[in-house]
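Q: Could you walk me through this one? I would like to start with the strands and then move on to whatever else stands out.

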Amino acid sequence: MTSSNGWIKRGVLLSGVLLNLFVQPSCFADNLRIGVAANFRSTLEKIATGFELTHNVKVDISAASTGALFAQVKNGAPFDIVFAADSVRPALLESMGHTRLRRTYAYGQLVFWIPEQPADERALIQYRGTMAIANPRHAPYGKAAIDTLELMRVNPGRLVYGTNINQAFNFVRTGNAPAGLVALSQIRYLNVPANEFWVVPDQSHAPIEQQLVVLKDASVTAELFVAYTFDPDTTRLIEQSGYLVPDADTLSRVANGADR
Amino acid sequence: MTESDLVSLWLTLKLAFVTTVVLIVLGTPLAWWLSQRSHARERGRMVKLLQNIVEPLVALPIVLPPTVVGFYLLLAFSPNSLPGELWQSATGTTLAFSFYGLVLGSAIYSLPFYVQPLQVAFSSMQRELIEAAATLGASPLDRFFSLIVPLCRRGFFIAICLSFAHTVGEFGIVLMIGGNLPDETRVLSIALFDHVEALDYGRAHVLAGGLLVFSFVTLFLLYAVDRRWQNGTRTT
């Protein structure tokens, strides 16, 4: 048994060394911690890269569903900013006193995607197969999808729900669902050919308003990041990624600090 | 509990039951085959090599994140891949978003929880008894059901309880291949996740608390019965 004791001692020693490695403080004095809804992650990563270069601040991004982010913030997760996929839960966080700033940063665009087939309004209305959408109970894109199906009187054979819009997208991408109502940002991200998707008109569903909140105890760098997000160059990037951005009037009011 | 939660409860029990039956049918011969390695010296080297490969394969789901299994299943179930295409041409449906897809995923995920306790039981059995029965003319099937099953009842009991309970507790694979269909793939763990995401903590508490109590009671009974049987074997 002495040899096994030796191993245990060595193991304890080794884990002590490893632990030391992990708790070393980072060389950046002021990390910015951002929680982001799954659909905006790739866009936010691009924004964060630009911000890191110009401001010498490291940005840590963790992606989760808006519901999970909400629960984490409510229970004291140390985020500085949360980019949510809707406006309901940011408003809720605000009413609970967790935030010091709330603002709309983008509007999501819903897209009918049917790989390897021409997509247009008629193709959507006549579609009868399995269709993947985000879960309408808690995902904003899912609610918009249900609105659209009802308004346009579409009767798909079967609706399957992704936990979020990324999972709905993956169901179509892997071929398990032949079509789906997904986000334009995903279509852009994967360079889907233009004839395979059709952007659903905005008026067929309630706007997919995506808001950010700066949390109460956030570092002062958080406001810098928000300002950077509403910089014209950045809003152009957000538009190119497949979102609509708040119009110029709103933005100038934001710049002048007129709203809230 | 609301009606939709009751539907999820029923579906979960059905999934765990069917998965356990599948594992009893397929896992028992597998556990037996794996338990034969130490006894048969005359076995060919190829068989031993095969056993050395299959044993860690069976144990893989213990260490693999369920997302790995879920990801590969999602790709395999797609009609764009060979297995998915074969299934679709045979049944006209897809395995993803279906109850049978979940059974397949759960059987893979709970396989070690069935096979390992049983393999241990088979290996530690007194082989002289079985050899004696064989010399007395008992057929292999007769030997299995009237000798081996009673001798290894403890192993069977643990294996069945663990694979049933483990399937009830499954989440990651179902999340990735299920598609959240009521009465088809929305099991309790998924319904719970839904409630949390929708900020309905009241309903989440009912399911989470229920699953906690169920798991504790299952393990409590498992240990209690096991203690009793252990004592029983000592006195006889």
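A: Gladly, and one term comes before the rest: two strands count as paired if DSSP finds at least two bridges between them. Please keep in mind throughout that this is a predicted model.

Q: Then which residue in S10(A) is the bridge partner of A:Val82?
A: The partner of A:Val82 in S10(A) is A:Val213. The two strands concerned, S3 (residues 81-83) and S10 (residues 208-215) of chain A, run antiparallel and are joined by 3 bridges.

Q: What else is A:Val82 in contact with, leaving aside its neighbours within four places in sequence?
A: Besides A:Val213, the contacts of A:Val82 outside that sequence window are A:Gly35, A:Leu69, A:Val73, A:Leu212 and A:Leu215.

Q: And what is the strand order of the open sheet with S3 and S10 in it?
A: The order is S2-S1-S3-S10-S4-S11 in chain A, an open sheet of 6 strands with mixed pairing. Strand S2 (59-64) and strand S11 (243-244) of chain A stand at its edges with a single partner strand each, so one side of each is left without a neighbour in the sheet.

Q: Which strands does helix H9 of chain A lie across?
A: Helix H9 (residues 221-229) of chain A lies across strand S1 (32-37), S3, strand S4 (99-108) and S10 of chain A, and runs at about 155° to S10(A).

Q: Switching to the sheet of 5 strands, what is the order there?
A: In chain A that open sheet reads S7-S6-S8-S5-S9, again with mixed pairing. Its edge strands are S7 (158-162) and S9 (197-199) of chain A, each pairing on one side only, and neighbouring strands are turned by 25° against each other on average, direction ignored.

Q: How many bridges join S5 to S8 in chain A?
A: There are 4 bridges between strand S5 (residues 110-113) and strand S8 (residues 179-183) of chain A, and these strands run antiparallel. Within S8(A), A:Val182 is the residue that stands opposite A:Val111.

Q: Which helices pack on that sheet?
A: Helix H6 (residues 140-151) of chain A packs on the sheet, touching S5, strand S6 (130-134), S7 and S8 of chain A, with its direction at about 135° to that of S6(A). Helix H7 (residues 165-173) of chain A also packs on the sheet and touches S5, S6, S7 and S8 of chain A, its direction making about 145° with that of S8(A).

Q: How is chain A divided into domains?
A: Domain 1 covers 32-107 + 208-255 and domain 2 covers 110-199, and their C-alpha centres lie 26 Å apart. In the contact between them, 12 residues of domain 1 of chain A meet 15 residues of domain 2 of chain A, the domain 1 side being made up of 4 nonpolar, 7 polar and 1 charged.

Q: Where does the largest nonpolar core come in, and which residues have the most contacts inside it?
A: That core has 114 residues, and those with the most contacts inside it are A:Ile81, A:Val82, A:Phe83, A:Val111, A:Trp113 and A:Val182. Its largest share, 11 residues, comes from helix H5 (residues 99-123) of chain B. Both domain 1 (32-107 + 208-255) and domain 2 (110-199) of chain A give residues to this core, so it lies between them.

Q: And how many residues does each chain bring to the contact between A and B?
A: Chain B brings 18 residues and chain A brings 14 residues. On the side of chain B that touches chain A, helix H3 (66-77) and helix H10 (188-197) of chain B each supply at least two residues, and by class that side has 11 nonpolar, 5 polar and 2 charged residues.

How values were computed
Residues numbered from 1 in each chain as written. Chains lettered and ligands numbered in written order. Predicted model: local features only at pLDDT ≥ 70, side-chain atom pairs only at ≥ 80, totals over all residues. Contact = placed C-beta atoms within 7 Å. Nonpolar A, V, L, I, M, F, W, Y, C, P; charged D, E, K, R; others polar. Core = buried A, V, L, I, M, F, W, Y, C linked by C-beta atoms within 7 Å. Buried ≥ 20, exposed ≤ 12 C-beta atoms within 10 Å, placed from the backbone. Domains from an automatic or database assignment. Axes fitted to C-alpha atoms, helices over the stretch in contact; angles between N-to-C directions.
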